[in-house]
Amino acid sequence: MNRKIALVTGGSRGLGKNMALRLAEKGHDVIITYHTKKEEAQEVVTAIEQLGMKATALQLDVNQTGSLDGFIQEVTKVLNEKWNVSTFDFLINNAGIGATIPYLEATEEDFDRMLNIHFKSVYFLTQKALAIMNNNGRIINLSSGTTRFCNPGYSIYASMKGAIETFTRYLAKEVGARGITANVIAPGPIETDFNNATIRNNPQIKGYLANITALGRVGEASDIGGIVAFLCSEDGYWINGQRIEASGGISL
Ligand code: NAP
């Protein structure tokens with residue numbers, strides 16, 4: 001086992017929680033972030049500690065791009081205090097929100113919020129985090145199946161995720177000299193709290209999405225965490241600059 005330290009944004013629930021737990025199962029320590037759900041985040045920390053790994057939870061609001069320098073300072077502080085190091089290995093940019101906003105109703109405010117949360121923060125958090133990342137690390141960004149197929153009401157969200165896909169290819173090119181890989185995971189619909197738990201709360205939508213998926217169901221958070229753990233393993237190293245769609249085969 002080659003024990004590393006991962007930073008997973010949005011690790012208090014949903015996909016990020018599962019990623020953090022799967023990384024811990026593989027023998028890695030994890031720093032997770034939460035936005036509002038401090039207690040849930042602490043429960044994830046406890047679960048990781050029960051697996052015998054170290055963990056901590058920090059607050060982060062990716063809608064406040066001005067807070068990113070302060071956040072990196074906090075990460076550095078916690079690395080020093082808890083791990084006695086000043087650098088970490090894996091950055092998983094997972095935090096995000098969903099919103100169904102028909103194109104003709106979209107406002108500049110909606111646009112700017114999604115821009116901050118899904119693109120600008122990922123772009124600059126990664127830039128700032130690289131200063132405290134070890135060589136040969138991994139960066140994994142989260143996109144969405146909606147960059148390949150169109151889901152009405154997702155024009156802003158999917159546009160930002162499309163930007164993340166382009167950014168990730170450039171990132172892979174520019175950080176490769178340090179042995180760091182950068183990839184995008186693009187999940188299909190996953191039953192989480194995402195977008196007001198649309199999938200969980202709407203059996204009709206859930207049934208429709210299951211029907212257009214080759215494996216016959218919508219995704220669960222546990223369908224994604226293992227992919228992150230694999231990309232962070234030595235066996236995943238040669239995958240670089242890729243968009244990996246993980247959807248059970250939706251809209252093939
Ligand atoms: P989720 O269950 O709603 O969890 C969202 C996570 O992001 C939580 O940890 C939340 O923190 C955090 N977060 C929300 N707003 C934030 C903000 N302003 N600043 C910092 N953190 C914030 O969502 P999910 O389904 O796990 O989604 C995770 C990622 O996967 C997102 O990037 C999403 O776009 C992507 N994705 C999801 C699906 C899907 O169908 N679920 C499909 C494709 C892609 P708190 O718990 O503290 O509020």
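This section describes the overall fold, the ligand site and the surroundings of one histidine in a predicted model.

The protein comprises eight helices and seven strands. Its C-alpha atoms occupy a box of roughly 50 × 35 × 35 Å along the principal axes. The radius of gyration is 17 Å, which agrees with the value near 18 Å for a compact globule of 252 residues. Of these 252 residues, 49% count as buried. Contacts that span long stretches of sequence are frequent: among those between residues at least 6 apart, 75% join residues at least 24 apart. The protein exposes about 12,200 Å². Carbon and sulfur atoms account for 49% of that area.

The ligand is surrounded by 32 residues. Ser 12, Arg 13, Thr 36, Tyr 157 and Thr 192 are the closest. By class, the shell holds 13 nonpolar, 14 polar and five charged residues. Polar contacts to ligand oxygen atoms come from both backbone and side chains. In the side chain of Thr 192, an N or O atom lies 2.6 Å from an oxygen atom of the ligand. A polar backbone atom of His 35 is 2.7 Å from a ligand oxygen. For Lys 161, the distance from a side-chain N or O atom to an oxygen of the ligand is 3.1 Å. On its own, the ligand has 910 Å² of accessible area, and the protein covers 96% of it. Three elements each give two or more residues to the shell: helix H1 (14–25), helix H4 (108–129) and helix H5 (155–175).

His 118 belongs to helix H4, one of the elements that contribute to the ligand shell. The relative accessibility of His 118 is 3%, so this residue counts as buried, the cut-off being under 20%. A polar atom of the His 118 side chain lies 2.8 Å from the backbone oxygen of Ile 97. Beyond its neighbours within four places in sequence, His 118 is in contact with Gly 96, Ile 97, Tyr 157, Met 160, Lys 161 and Ile 164. Ile 97 thus appears both in this contact list and as the backbone partner of the histidine side chain. Two other contacts of His 118 lead back to the ligand site. Tyr 157 touches His 118 and is among the residues closest to the ligand. Lys 161 is likewise in contact with His 118, and its side chain approaches a ligand oxygen at 3.1 Å.

Key
Residues are numbered from 1 along each chain as its sequence is written. This is a predicted model: local features need pLDDT of at least 70, side-chain atom pairs count only at pLDDT 80 or more; totals for chains, interfaces and linings use all residues. Side-chain values use heavy atoms; hydrogens and water are left out. A residue is near a molecule or strand if one of its heavy atoms lies within 4 Å of it. A polar contact is a pair of N or O atoms within 3.5 Å; within protein, one must be able to donate a hydrogen and the other to accept it, and residues adjacent in sequence count only if both atoms are side-chain atoms. Accessible areas come from the Shrake-Rupley method with a 1.4 Å probe; for residues, only the protein chains shown count as cover. Helices (H or I, at least four residues) and strands (E, at least two) are DSSP runs, numbered from the N terminus. Ala, Val, Leu, Ile, Met, Phe, Trp, Tyr, Cys and Pro count as nonpolar, Asp, Glu, Lys and Arg as charged, and the others, Gly among them, as polar. The radius of gyration is taken over C-alpha atoms; the globule rule is 2.2 Å times the number of residues to the power 0.38. Buried means under 20% relative accessible area, exposed over 50%, partly exposed in between (1.4 Å probe, protein chains only). Contact means heavy atoms within 4.5 Å.
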